[in-house]
Amino acid sequence: MRKPATLDIDAILDDSGTRIIVCCGSGGVGKTTTAAALGLRAAERGRCAVVLTVDPARRLAQAMGLSELDNTPRRIVECESGGQLFAMMLDMKRTFDEIIEAHADPDRARQILSNPFYQSLSSSFAGTQEYMAMEKLGQLRRSDEWDLIIVDTPPSRSALDFLDAPERLGRFLDGRFIRLLTAPAKAGGRSAFRIFNAGFGFVAGALTKLLGAQVIKDLQTFVSALDAVFGGFRQRAELTYKLLQAPGTAFLVVAAPERDAMREASYFVERLAEERMPLAGLVVNRVHESPAATLSGVRSAAAAEDLQSRGEHELTAAVLRLHTGRMQLAAREHREQDRFVTAHPTVPVAQVAAMSEDVHDLAGLRRIGELMAKA
C-alpha cells in the first residue's frame, strides 16, 4: 500500500484550539464507537468533552456504564487528569420542542406543540434529524460548558445530509405553498379560509375534498403560529454552518477498508473540500493484519496443499489455510486503501486494527483510542 501521511489523533485532541470534532461516514463503519473513543481519550488527556451521538444502539450506552442515553448530556467519567467525559443521544423531537419553547411565547408554543402538522414535521419530515443535529451542536457550543464537542453525524443514505439540512428546511419554509398559506392564515377565522379558497381556486377545492377542511385549517394554523420562529431557525443554522467552517473544527472521515465504504470516504473528502470544511483526516476501522505477515498467502496456501496431499499434519494445514484467507483479506483491504491514497495523497490516515470482539465497556473504547493514536 502507498504510504499516506499519518493522522496524529493526539495532536488534535491535545490542541485547546480544537473545539469541535465531527465524525462522518457511511453507516456500519464504526463511526459512533470512534466518536466515543475519541471522547474518552480526550477526557483522559485533560479535556472536558461531550459526545453527541444519534445512534440509538443501547450497547454504546452500556459501554459507557449507563442503561440509556437521552437528550441531556450525562457525565460518564471524571479523570485524574481533570478531564471529564459527557455523552448524549439526540432526541430530534425533544430538540425541536425545546426550540419552540425557547423562541415562542407560552401560548404560541402550546399552539404549535399541539398542532398535528408540527407533530408530524418534528418526528418524520425528511432532514429533520440532520437539522436537529446541527441545532443541538449549536446549543452545546453556545453553552460553552465543554471545551471539546464530538459529533457522531446521522447515518444517512446521502453522505453529508446534515450539511444540506438547513438549506432543505429553508426551501420548505420558503416554498410557494407555505407562503400562500401564511398570508391568509394571518387574516384569521373564516375570512382566512375564504381568502385561501379564493387564492387557490380549483386546487384549494380539490385539496379540501381530499384532505378535509379541518386538515387544511390545521396546516394554516401551524404555518401561521410557526412563522414567528422561522427566522431564528435560519439564523442559527447559518451560524452553526459557519462554525463548522471555522478554525477550531476538525472533520474526521470514518470508513472500513471495503470498496463501498472507501468510495463513500472519497466522496466525503471531496464534498468537504467543496464546502470548505476543515478536514483533519481519515480513520480506517477494522483493518485486518497478520502477526505472521512475512509468510505470504501464496506460500502458506502451497504449504497447506503439500501437507494435505501427503496426509500429514492436518491441523497445521488448517492453520495455514486460515492464514492464507487472512492474508488475502488483508491484500484486498490494502488495495482499497491504496486507491483512496492515490486519489487523495494529502489526506492523513489512521488505521485501527480489527478487534476480536465488539466494544462493550470503557476498556474497549480506551483500546480503540489507543489504536487510533498509534496509527
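Let's start with strand β1, residues 20-24, which is mostly covered: five of its five residues are buried. Keep in mind that this is a predicted model. From β1 we can move outwards to its partner strands, then to the sheet they belong to, the helices packed on that sheet, and a cavity that β1 helps to line.

**Strand β1 and its two faces**
- Both faces of β1 are covered.
- On one side you will find I20, V22 and C24, and on the other I21 and C23, all of them buried.

**The partners of β1**
- Strand β5, residues 148-152, runs parallel to β1 and is joined to it by four bridges.
- Strand β6, residues 249-255, also pairs with β1 in the parallel sense, here over five bridges.
- I21 is a handy residue to look for, as it stands opposite I150 in β5 and has A250 as its bridge partner in β6.
- C23 has a counterpart too: it stands opposite L252 in β6.

**The sheet as a whole**
- β1 belongs to an open sheet of eight strands, in the order β3-β4-β2-β5-β1-β6-β7-β8, and the pairing is mixed.
- The edges are held by β3 (74-78) and β8 (349-353); each has a single partner strand, so one side of each is left without a neighbour in the sheet.
- On average, and with direction ignored, neighbouring strands of this sheet are turned by 20° against each other.

**Helices on the sheet**
- Helix α7, residues 128-143, lies across four strands: β1, β2 (48-53), β4 (84-89) and β5.
- The direction of α7 makes about 165° with that of β2.
- Helix α15, residues 314-343, packs on the sheet as well, touching β7 (279-287) and β8.
- Between the directions of α15 and β7 the angle is about 170°.

**Cavities**
- The model holds two cavities of 30 Å³ or more.
- The largest cavity has a volume of about 40 Å³.
- V22, which we met as one of the buried residues of β1, lines this largest cavity together with A133, M134, L137, V151, T153 and F162.
- Helix α7, the one lying across β1, gives the most to that lining, with three residues.
- By class, the lining of the largest cavity has six nonpolar residues and one polar residue, with no charged ones.

Notes:
Residues are numbered from 1 along each chain as its sequence is written. This is a predicted model: local features need pLDDT of at least 70, side-chain atom pairs count only at pLDDT 80 or more; totals for chains, interfaces and linings use all residues. Side-chain values use heavy atoms; hydrogens and water are left out. Buried means under 20% relative accessible area, exposed over 50%, partly exposed in between (1.4 Å probe, protein chains only). Helices (H or I, at least four residues) and strands (E, at least two) are DSSP runs, numbered from the N terminus. Two strands pair if DSSP finds at least two bridges between them. Axes are lines fitted to C-alpha atoms, for helices over the stretch in contact, and angles run from 0 to 180 degrees between N-to-C directions. Contact means heavy atoms within 4.5 Å. On a 1 Å grid over the protein atoms alone, a cavity is a set of points where a 1.4 Å probe fits but cannot get out, and a pocket is an open set with protein on both sides within 12 Å along at least five of seven lines; lining residues have an atom within 4 Å of a point. Grid points are joined across faces, edges and corners, and a volume is the space filled by probe spheres set on the points. Ala, Val, Leu, Ile, Met, Phe, Trp, Tyr, Cys and Pro count as nonpolar, Asp, Glu, Lys and Arg as charged, and the others, Gly among them, as polar.
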